[in-house]
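Let's practise reading a protein fold together. Keep the sequence and the 3D view open while you try each exercise, and look at the solution only after you have had a go.

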Amino acid sequence: MYRPTLRPLHNPIRGQIRAFFAGFGFFANRLYSFAYVRFAKNRPGFEIIEFAPQSGLCNGLILITGASSGVGEALARLLSEEGFSLLLTGRDENRLKSVAKLCRAEWLPLDLAHSLAPLLSWIREKKPGLVINNAGFALYGPAIAHPLSSEMDILEVNAAAAIEISIEAARTLQSNRMPGVILNVSSSAGELPIPSMAVYAAAKACLTSFSKSFDSEMSPYGIRVLASILGPVATPFAHRASSGRYTQTPSWKVISPERAAQKIWEQILKRKAVSAIDFRTRAFLLAAKLLPRPLLEWILQKNLARRYNCRSCQK
Ligand SMILES: NC(=O)c1ccc[n+]([C@@H]2O[C@H](COP(=O)([O-])OP(=O)(O)OC[C@H]3O[C@@H](n4cnc5c(N)ncnc54)[C@H](OP(=O)(O)O)[C@@H]3O)[C@@H](O)[C@H]2O)c1
C-alpha cells in the first residue's frame, strides 16, 4: 500500500552541524592568523604584509603618476602604509627618488607629455590592480599669453596621457581576466567656465567625461574607472601655475594634500564613479549652477587674476 511520507525540506540538525563547522572554520582561521602574526613579528626572514582587505584589489600593485609632490606624494605615503607595492612616476628625479625611498617603492622618472612608452610597457608586464592618474599641471593667465606648445602640454599631461594609461591598463586587466580600478584625478575647473585657465579646464572636463563613459564600458568586466573632482588643495600646484607668484596654503577654503589623498582612497574603496571629494567643492559647484553665468565668470576671473597678477598674492 502506498504511504505518503513527510520529509522536511530543511533538515534542522544538518543545518546546525553546518553552522557549527562554518563558525569553527572562521574562528580557526582567526586563531591561525593571530598565532602567525605573533610568531612572525620581529623575526628575521618574516614580513607581515596586510593589504587593506576591504580594498578588493586583486593584486597589491599600484601605479601612481605625479607622485613626486602634492597629492600624489600623499597618496604614495598613505598606500605604502596600507602595505601595497607601488610604482611612482614624476619628472623631478631627486624628489621622486626620495619619495620612493620613503615608501619602499619602484620609481620611473618620465615626462608624460613626451615619453609614455616605458610606462605603457611596464603596465602590460606588471598588470597593476590600481592605477591612479594624478599627474597634472596648469598655467594661470589668458591662453594667448603662453606659448602654444606649453598649452598643448597641459592637454597632453592632464588628458591625453591619462586616457592612454587608462586604456592600456584596462585592456591589460581585461585580457588577463583581472578586476581592477583606474582613478583619474580631475578638477572642479573642468565643471566650470574658467577664464585664465581655459586649456586646463578643457583638459579636466575631457578627463572627467572620458572616465564616466569608459567606466560604463569596463564595469561589466569588473574594471572600474573613477574620477575624483578636486577643489583647491595646498600643494605646489598654484605656485607652479603662477610662475612662483602665488602659494596656496591650507585654510578654511583649501584642504591639505593628506586629506585629499584620504578622500581619494575612500572613493576607491567605495568604487564611487565620480566624486567631488570635499563638501566645500560640492557646495561651490552647486552654487555655481545657480549663479547667473556673467556673475560666475566675473567671480572666477577675479579670483584667478589675483593669482597671476600678483596684486594681493602671498609669496
Ligand atoms: N592643487 C590643487 O589646487 C588642485 C586642484 C584641482 C585638481 N588638482 C589636480 O590634482 C593633481 C595633483 O596635483 P597637485 O596639486 O598635487 O600638484 P603638484 O604638487 O604640482 O603635483 C603635480 C605632479 O604631477 C607631475 N607632473 C606635472 N607635469 C608632468 C609631466 N609633464 N610629466 C610627468 N609628471 C608631471 C609633477 O611631477 P614633477 O614635480 O616631477 O614635475 C608632480 O608630481 C593634478 O592632476 C591637478 O591637476 C589640483
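Here are five exercises, each with a worked solution.

**Exercise 1: Getting an overview**

Count the helices and strands in the protein chain, and find what percentage of its residues count as buried.

*Solution.*
- Remember that you are looking at a predicted model.
- Going through the protein chain, you should find 10 helices and 7 strands.
- The protein chain has 315 residues, and 37% of them count as buried.
- Now take the contacts between residues at least 6 apart in sequence: 65% of these join residues at least 24 apart.

**Exercise 2: Ordering the sheet**

In what order do the 7 strands of the open sheet lie, and which are the edge strands?

*Solution.*
- As background, strands of a sheet pair through backbone hydrogen bonds, either parallel or antiparallel.
- Here the order is β3-β2-β1-β4-β5-β6-β7, and the pairing is parallel.
- β3 (106-109) and β7 (274-276) each pair on one side only, and these are the edge strands.
- From one strand to the next, the twist averages 15 degrees.

**Exercise 3: Following β4**

Find the bridges that link β4 to β1 and to β5, then look at what covers the faces of β4.

*Solution.*
- Start with β1 (residues 61-64): 3 bridges join this strand to β4 (residues 130-133), and the two run parallel.
- Within this pair, I62 stands opposite L130, while L63 has V131 as its bridge partner.
- Next, turn to β5, which also runs parallel to β4 and is joined to it by 4 bridges. In β5, I182 is the bridge partner of V131.
- Both faces of β4 are covered: L130 and I132 are buried on one side, V131 and N133 on the other.
- Now see which helices lie on the strands. Helix α5 lies across β4, β5 and β6 (223-230), at about 170 degrees to β5.
- Helix α8 (residues 257-270) also packs on the sheet, where it touches β4, β5, β6 and β7. Its direction makes about 150 degrees with that of β6.

**Exercise 4: Core and ligand shell**

Which helix gives the largest share of the largest nonpolar core, and which element gives the largest share of the shell around the ligand?

*Solution.*
- The largest nonpolar core has 74 residues, and I64, L75, A76, L86, L88, I132 and A260 have the most contacts inside it.
- Helix α5 (residues 148-175) gives the largest share of this core, 9 residues.
- Take L88 as an example: beyond its neighbours within four places in sequence, its contacts include I64, A76 and W107.
- Moving to the ligand, you should find 28 residues around it, the closest being G66, G70, D92, G136 and T235.
- Sorted by class, this shell has 13 nonpolar, 11 polar and 4 charged residues.
- The largest share of the shell, 3 residues, comes from α2. At least two residues each come from α2 (70-81), α5, β5 (180-187) and α7 (237-241).

**Exercise 5: Buried or exposed?**

Is A276 buried or exposed?

*Solution.*
- First place the residue: A276 lies in strand β7.
- Then apply the cut-off: a residue counts as buried if 20 or more other C-beta atoms lie within 10 Å of its own.
- A276 has 21 other C-beta atoms within 10 Å, so A276 is buried.
- Finally, look at its surroundings. Leaving aside neighbours within four places in sequence, A276 is in contact with S188, I229, T281, R282 and L285.
- The C-alpha atoms of A276 and S186 are separated by 9.2 Å, although these residues are 90 residues apart along the chain.

Conventions. Residues numbered from 1 in each chain as written. Predicted model: local features only at pLDDT ≥ 70, side-chain atom pairs only at ≥ 80, totals over all residues. Core = buried A, V, L, I, M, F, W, Y, C linked by C-beta atoms within 7 Å. Buried ≥ 20, exposed ≤ 12 C-beta atoms within 10 Å, placed from the backbone. Contact = placed C-beta atoms within 7 Å. Near = placed C-beta within 6 Å. Nonpolar A, V, L, I, M, F, W, Y, C, P; charged D, E, K, R; others polar. Pairing = 2+ DSSP bridges. Axes fitted to C-alpha atoms, helices over the stretch in contact; angles between N-to-C directions.
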